[in-house]
Amino acid sequence: MLQVVEGETLIGMDLSDLRSLFGPEQPAYRARQVYDALYKKQVANLSDISTLPQAFRYQLLTSLPLGLPEAEHRYDSSDGTRRYLLRLEDNRTVEAVLMPEEGRDTICISSQVGCPVDCRFCLTALMGLERNLTAGEIVGQVLYVARHNGLKATDTRMNVVMMGMGEPLLNLANVLKATRLLTDPEGIGISQKRITVSTSGIVPKIEELGRAEIRPKLAISLNASHEEQRRELMPITRKYHLADLMKACRAYPLRPWEKLTFEYVLLKNVNDTDADARRVVRLLSHLNSKVNLIALNPGPGIPFETPDPERVHSFQQILRRSLPCFVRKPRGRDIYAACGQLKRVASDLVTIV
Ligand code: SAH
Ligand code: SF4
């Protein structure tokens, strides 16, 4: 009999998990065989693992699920963005978004069902937290979106960003395990340079992330130019002060090829003035960093407006004098797939076109 723990799935298991699952009755190479099938061949069904003896395959099939998500809905944007509502084993749903671009494909995945951080400009915040995703559910989103769009994980076009629903650093153990599985050259094989995790600024977890041997690149959602403003917009700042966040950023052990990315959501007449831009420069210019500006993606129940393009441009110009600064193109706004617009089901709050 296999030693199955309630709720476990095959996707999400590493080699040593598989070895303990199979126990001593199976030959030593069995775990590697299944690992290859799951992550290298990326089978969609256990019955496709033709190298396994039939009796063992049957035992696997009847003991635990493979753990790939199923799509409940797919929404296609006029700009090529695809938003997937993916159903998990417990019938909860999360969102994953594919953004194809000239020369690169970015898959944006979720780390939690909902989010416990209460950012005032974000639709996901309105859900609250339902639960953390398992490592398998994080990996499963990438495998699903790649398979259904004919993408190869090892292709250098492929990028993964953990910027969907949830605060990844509040689910760090699973995010790190998922990262190890996604980057294993003997398995899925995505380079660490092509995976990014974005956080609202959970200071102790930033330090813990920095200590991990295999870790994604780090992006930090700054979104304000001073403590008081940040506390207004992102209540998490009450617990993790801006000064401590900046200290953790200064101490963060960047790899030679890495820069810190800061994200800054521009809210009309709230944090988008020239004075804000100059304060952001003072906060960041001594760090090895770049900034991505995001003009607010509006949504029902979000009490802010999107700044005019000229304002966004002026803000960018001020930052540009001191550090690389880009404006993130809104993707899939027509299907509510853009940053901060992910909120579970079609009937929830938003009407999908
Ligand atoms: N929880 C993590 C990752 C998911 S949010 C984090 O906050 O970093 C991904 C990005 O979307 C963050 O930078 C966040 O600031 C931004 N965002 C949230 N709501 C938004 C909105 N309505 N418009 C534009 N960007 C938004
Ligand atoms: Fe959570 Fe990020 Fe949205 Fe804030 S911006 S509520 S941390 S998903």
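**View 1. Strands β7 and β8 run side by side.** Strand β7 (residues 158-162) and strand β8 (residues 195-199) run parallel and are joined by three bridges. Look for methionine 162, which stands opposite valine 197 in β8. Strands here are DSSP runs of E of at least two residues, and helices are runs of H or I of at least four, both numbered from the N terminus. This is a predicted model, where local features need pLDDT of at least 70 and side-chain atom pairs count only at pLDDT 80 or more, while totals for chains, interfaces and linings use all residues. Residues are numbered from 1 along each chain as its sequence is written, and side-chain values use heavy atoms, with hydrogens and water left out.

**View 2. An open sheet holds 10 strands.** Follow the order β1-β2-β3-β4-β7-β8-β9-β10-β11-β12, with mixed pairing. At the edges sit β1 (70-76) and β12 (325-327), each pairing on one side only; two strands pair if DSSP finds at least two bridges between them. On average, and with direction ignored, neighbouring strands of this sheet are turned by 20° against each other.

**View 3. Helices α4 and α5 cross obliquely.** The axes of α4 (residues 135-148) and α5 (residues 172-183) come within 8 Å and cross at roughly 45°. Axes are lines fitted to C-alpha atoms, for helices over the stretch in contact, and angles run from 0 to 180 degrees between N-to-C directions. That crossing angle makes α4 oblique to α5 (under 35 degrees counts as roughly parallel, over 145 as roughly antiparallel, 65 to 115 as roughly perpendicular, and the rest as oblique). The crossing is right-handed, meaning that the near helix is turned clockwise from the far one by less than a right angle. From α4, Ala135, Ile138, Val139 and Val142 meet Asn174, Val175, Lys177, Ala178, Leu181 and Leu182 of α5, where contact means heavy atoms within 4.5 Å. By class, this contact has eight nonpolar, one polar and one charged residues (Ala, Val, Leu, Ile, Met, Phe, Trp, Tyr, Cys and Pro count as nonpolar, Asp, Glu, Lys and Arg as charged, and the others, Gly among them, as polar).

**View 4. Helices α1 and α2 meet at an oblique angle.** Here the axes of α1 and α2 (residues 30-40) come within 9 Å and cross at roughly 125°, and the crossing is right-handed. Leu15, Leu18, Arg19 and Phe22 of α1 touch Arg30, Ala31, Arg32, Val34 and Tyr35 of α2. These residues divide into six nonpolar, no polar and three charged.

**View 5. Phenylalanine 22 and phenylalanine 56 form an edge-to-face pair.** The structure holds four aromatic pairs (ring centres of Phe, Tyr or Trp, the last by its six-membered ring, within 6.5 Å; planes under 30 degrees apart are stacked, over 60 edge-to-face and the rest tilted). In this one, the centres lie 5.1 Å apart, with 90° between the planes. Phenylalanine 22 belongs to α1 (residues 15-22) and phenylalanine 56 to α3 (residues 54-63), 34 residues apart, linking distant parts of the chain.

**View 6. Helices α6 and α8 are roughly parallel.** Helix α6 (residues 203-211) packs against α8 (residues 242-251) at an angle of about 5°, with the axes 9 Å apart. Val203, Ile206 and Glu207 in α6 meet Asp244, Leu245 and Ala248 in α8.

How values were computed
Chains lettered and ligands numbered in written order.
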